[in-house]
Amino acid sequence: MDLIRREAVYLWYYFTIQFEQIFPYWVLGMLIGSAISVFLKERLHGVFRSLGEKKLGIFGIFIASLLGIASPLCMYGTIPIAASFSKSGIKDDWLAAFMMSSILLNPQLIIYSAALGTAALIVRISSCFIGGVTAGLLVRIFYKKKPFFNFGGFDEVKGRDTDPNLFLRYLKNLWRNIRATGLYFLVGIVLSVLFQRYVPTEIMTEVFGGNEAWGVLMAATIGVPLYACGGGTIPLLQGWLWDGMSLGSAAAFMLTGPATKITNLGALKIVLGIKRFALYIALVVLFALATGLVVNLIL
């Protein structure tokens, strides 16, 4: 009985420490993410549509990647928007950059990721931006004279932020965000606590530490089954980084996780088809591995 009580005290201690460190970022992410979704989403998408009227060429890919990061939509919300962008004249290379970076990152997740430290935050933002640019450039090079996406049958969905009272509209969006991420946030902390308590630091350092390609590959691989919600993975990553995970391995995990999230894959398969879907998976894996190795080499 004393052993059980002692273990409970240890686990509660680890839980409270990590909860206190990450909770403020989660709250701030909720507040800012909902504000962008309610008050700035249409303006951001309007800016992207207006780019189709300008002859920006290859530079439009870089702008599209930035706007993808700024967009608060999930992939199932992004695809109908992208379909409407395509109808308004936006080229596939710009759309590829926008959609890739939108999959990998959003304003809310940026705030969450600040809990991992400045270096990890910079790595996440820059790698996601470069990922979007890379996707756009590849589509521009290899699909310049043929379509890459098939948006047939997609119509732009109406948003749920329709309450005429702006304050109530914001509160409803905030509540939806809390319901969507709150459970994953708590589960992530619980898993992190269990890892910290029962998995020796030496094992984490051996598997994910150092500059070895093996650690990056392992992190990229486990990002596939473990990633369900961005906020839920932040406690895990924080604990792993404390226990010796290299920043490059963390970068690989942060790329493959959202890029292979099952709901994102289901949506992408619809608009890409089998062949281009396979190319997408290959790009994600290779880009994550290359990013992890480069980050470890530099830092």
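## Helix α4, the largest cavity and helix α12

In this predicted model, all 13 of the 13 residues of α4 are buried, so the helix is largely enclosed by the rest of the structure. Helix α4 covers residues 92–104, and its end C-alpha atoms lie 18 Å apart, in agreement with the 18 Å expected for 13 residues at 1.5 Å a residue.

Helix α12, residues 262–298, departs from the straight form. A straight helix of 37 residues would span 54 Å, whereas α12 spans only 32 Å between its end C-alpha atoms. A bend of about 120° is found in α12 at Gly 273.

The two spans are set out below.

| Helix | Expected span | Span between end C-alpha atoms |
|---|---|---|
| α4 | 18 Å | 18 Å |
| α12 | 54 Å | 32 Å |

Both helices also contribute to an internal void. The structure contains 2 cavities of 30 Å³ or more, and the largest has a volume of about 70 Å³. At least two lining residues of this largest cavity come from each of α4, α6 (118–142), α11 (247–259) and α12. Among the lining residues are Met 100, Leu 104, Thr 134, Ala 259 and Phe 287. By class, the lining of the largest cavity comprises 7 nonpolar and 3 polar residues, with no charged ones.

Val 294 also belongs to helix α12. Its relative accessible area is 45%, and Val 294 is therefore partly exposed. Val 294 and Gly 248 are separated by 46 residues in sequence, yet their C-alpha atoms are 7.3 Å apart in space.

Note on methods. Residues numbered from 1 in each chain as written. Predicted model: local features only at pLDDT ≥ 70, side-chain atom pairs only at ≥ 80, totals over all residues. Heavy atoms only, no water. Helix = DSSP H or I, 4+ residues; strand = E, 2+ residues; numbered from the N terminus. Expected span 1.5 Å × (residues − 1). Buried < 20%, exposed > 50% of the residue type's maximum accessible area, 1.4 Å probe, protein only. 1 Å grid on protein atoms, 1.4 Å probe; cavity = no way out; pocket = protein on both sides within 12 Å on 5 of 7 lines; lining within 4 Å. Points joined across faces, edges and corners; volume = space filled by probe spheres on them. Nonpolar A, V, L, I, M, F, W, Y, C, P; charged D, E, K, R; others polar. Bend = angle between axes of the 7 residues up to and from the residue.
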